[in-house]
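Student: I should like to take a close look at a single part of this protein, namely the spaces enclosed within it. Could you please describe what surrounds them?

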Amino acid sequence: MEMAAVAGLVLIVGIVALLALGVPISVAVGSSSALAAITVLGFENGLLTSAQQMFRGVNNFSLLAIPFFVLAGVIMNNGGIALRLVNFAKMLVGRAPGSLAQTNVAANAMFGSVSGSAVASVAAVGSTMGPLQAKEGYPRDFAAATNIASAPSGMIIPPSNLMIVYSLVSSTSVAALFVAGYVPGILWAAVCMVIVHLYARKRPELRVTEKLSGPAKLRVAGQAVPALLLIVIVIGGILAGVFTPTEASCIAVLYSLVLSFVYRSVKVGDLGGILLDSARTTAIVMFLVGVSAVMSWVMSFAQIPQLVTDALLDVSTNPYVLIVLIVLLLLVIGCFMDPTPAVLIFAPIFLPVVTSFGMDPVHFGIFMVLALSIGTITPPVGPVLFVGAKVSGMSIESVMRRLVPFFVGLVLLLLVVATTPALSLWLPGLLGLA
């Protein structure tokens with residue numbers, strides 16, 4: 001057997017075996033990749049190459065954006081911003097059928113895009129909206145399902161850490177990915193709103209929110225606009241060329257910190273805990289990036305991406321058939337793996353396949369992020385599903401029953417986005433980024 005085949009076999013068998021034993025995915029990927037390198041290069045050279053590849057993987061200026069965006073998200077999650085965005089969302093959609101559930105969807109889209117974390121969004125918005133919906137007679141399982149299904153929309157609406165990770169492994173523009181995420185992210189929220197609307201039409205007892213007076217609307221908007229301005233400053237500054245995405249992440253930290261102090265919801269004594277929380281999250285992500293660089297070297301040595309490309313092209317050369325196959329594979333992968341390691345592992349494998357029939361890497365990145373975002377609300381791993389169920393006090397089984405219509409709608413949206421490049425590329429093209 002050739003050494004490349006041996007390396008690939010050691011890598012794949014090692015990862016599968018360690019994951020089956022319950023080993024954390026970062027450790028499974030790192031140790032299997034190092035073992036594969038040692039197999040073909042010898043002990044000393046294998047360890048040296050693994051260390052060099054890990055350093056190369058994290059030695060990237062663009063990656064500095066991740067810890068700063070994570071820190072900005074943690075500050076916002078502790079800074080009283082969620083309640084202000086919930087009130088603003090209630091003002092926007094409060095007269096629609098199922099108004100409180102509609103408010104939940106809109107608030108998740110706004111808070112998720114500002115904080116960059118679906119888990120933070122489902123916890124912060126859910127803990128605010130859950131009691132309000134229960135008081136107005138909304139079934140608790142439906143309220144929890146609405147909160148869970150709409151939370152990942154903020155992973156697609158920029159700024160998005162997952163898109164930064166994808167840009168690293170695909171060498172695509174972060175700015176183009178950020179802009180490309182707007183239409184699919186808004187469509188995600190729109191799908192959830194349509195499902196809520198159809199549910200509420202059959203239940204007239206779900207009252208609409210009382211209409212606010214003019215001065216009350218101005219007060220609510222005034223409280224929420226400073227938080228929403230963060231998106232304008234970050235994305236606007238990147239598109240205008242005022243600063244890079246990494247510099248934008250630093251500005252996001254400073255802005256969110258000042259805003260939280262103005263709101264008097266964060267004190268100086270809270271900063272230690274905030275920094276510790278963000279450091280833990282950042283350490284996990286950066287370690288994954290480092291070990292994935294070793295894995296990428298082994299996969300390149302073993303020619304695994306080329307083997308996968310050839311295998312899929314043997315099945316069919318029809319682009320739409322290949323897209324559907326990749327979509328199905330990503331949905332299955334998302335059920336068992338968190339989005340960040342899934343992007344690091346599978347983007348280099350599937351990217352040669354889609355580019356072989358002319359798909360733009362930005363388009364592929366968007367529908368890959370969309371597919372893996374659906375995975376965050378599906379068992380058995382789904383972090384958003386478990387956090388959302390815990391916040392609502394409901395069992396996973398009862399929530400899953402209510403999630404089925406949302407799943408159907410979101411998978412249909414995924415297929416539309418995957419087969420319609422204009423939904424992802426129109427806005428970047430309009431701004432000269434694609």
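Tutor: The following account begins with the largest pocket, continues with the largest cavity, and ends with some features of the loops and the surface. Please bear in mind throughout that this is a predicted model.

The largest pocket has a volume of about 1,000 Å³. Its lining consists of 37 residues, and those nearest the centre of the pocket are Ser117, Val119, Thr281, Val285 and Thr340. Several helices take part in this lining: at least two residues come from each of H2 (25-41), H4 (65-78), H7 (118-135), H10 (161-170), H15 (271-302), H18 (339-356) and H20 (383-392). Helix H4 provides the largest share, with seven residues. In chemical character, the lining of the largest pocket comprises 22 nonpolar, twelve polar and three charged residues.

We may now turn to the cavity. The count of cavities of 30 Å³ or more comes to one, and the largest cavity holds about 50 Å³ of space. The residues around this cavity are Phe69, Val70, Ala72, Gly73, Val114, Ser115, Gly116, Pro159, Ser160 and Asn161. Helix H4 appears here again, since it gives the largest share of the cavity lining, four residues. Helices H4 and H6 (99-115) each supply at least two of the lining residues. The lining of the largest cavity divides into five nonpolar and five polar residues, with no charged ones.

One residue of the cavity lining, Pro159, deserves a closer look. Pro159 is situated in the loop between helix H9 (153-156) and helix H10. The peptide bond that joins Pro158 to Pro159 is cis, with omega of about 0 degrees.

Two further loops contain residues with a notable backbone angle. Arg264, in the loop between helix H14 (245-263) and helix H15, has a positive phi of about 60 degrees although it is not a glycine. Arg264 counts as exposed because its relative accessibility is 76%, and the cut-off for that class is over 50%. Gln303, in the loop between helix H15 and helix H16 (304-315), likewise is not a glycine and has a positive phi, near 60 degrees. With 54% relative accessibility, Gln303 also counts as exposed.

Finally, the surface carries a nonpolar patch formed by Val225, Leu229, Val232 and Ile233, which together have about 290 Å² of accessible area. Of these residues, Leu229 belongs to helix H13 (residues 214-239). Leu229 counts as partly exposed because its relative accessibility is 37%, which falls between the cut-offs of 20% and 50%.

Definitions and conventions. Residues are numbered from 1 along each chain as its sequence is written. This is a predicted model: local features need pLDDT of at least 70, side-chain atom pairs count only at pLDDT 80 or more; totals for chains, interfaces and linings use all residues. Side-chain values use heavy atoms; hydrogens and water are left out. On a 1 Å grid over the protein atoms alone, a cavity is a set of points where a 1.4 Å probe fits but cannot get out, and a pocket is an open set with protein on both sides within 12 Å along at least five of seven lines; lining residues have an atom within 4 Å of a point. Grid points are joined across faces, edges and corners, and a volume is the space filled by probe spheres set on the points. Ala, Val, Leu, Ile, Met, Phe, Trp, Tyr, Cys and Pro count as nonpolar, Asp, Glu, Lys and Arg as charged, and the others, Gly among them, as polar. Patches are made of residues with over 30% relative accessible area and no salt bridge: like charges are joined within 9 Å, nonpolar side chains (Val, Leu, Ile, Met, Phe, Trp, Tyr) within 5 Å. Accessible areas come from the Shrake-Rupley method with a 1.4 Å probe; for residues, only the protein chains shown count as cover. A salt bridge is a side-chain nitrogen of Lys or Arg within 4 Å of a carboxyl oxygen of Asp or Glu. Buried means under 20% relative accessible area, exposed over 50%, partly exposed in between (1.4 Å probe, protein chains only).
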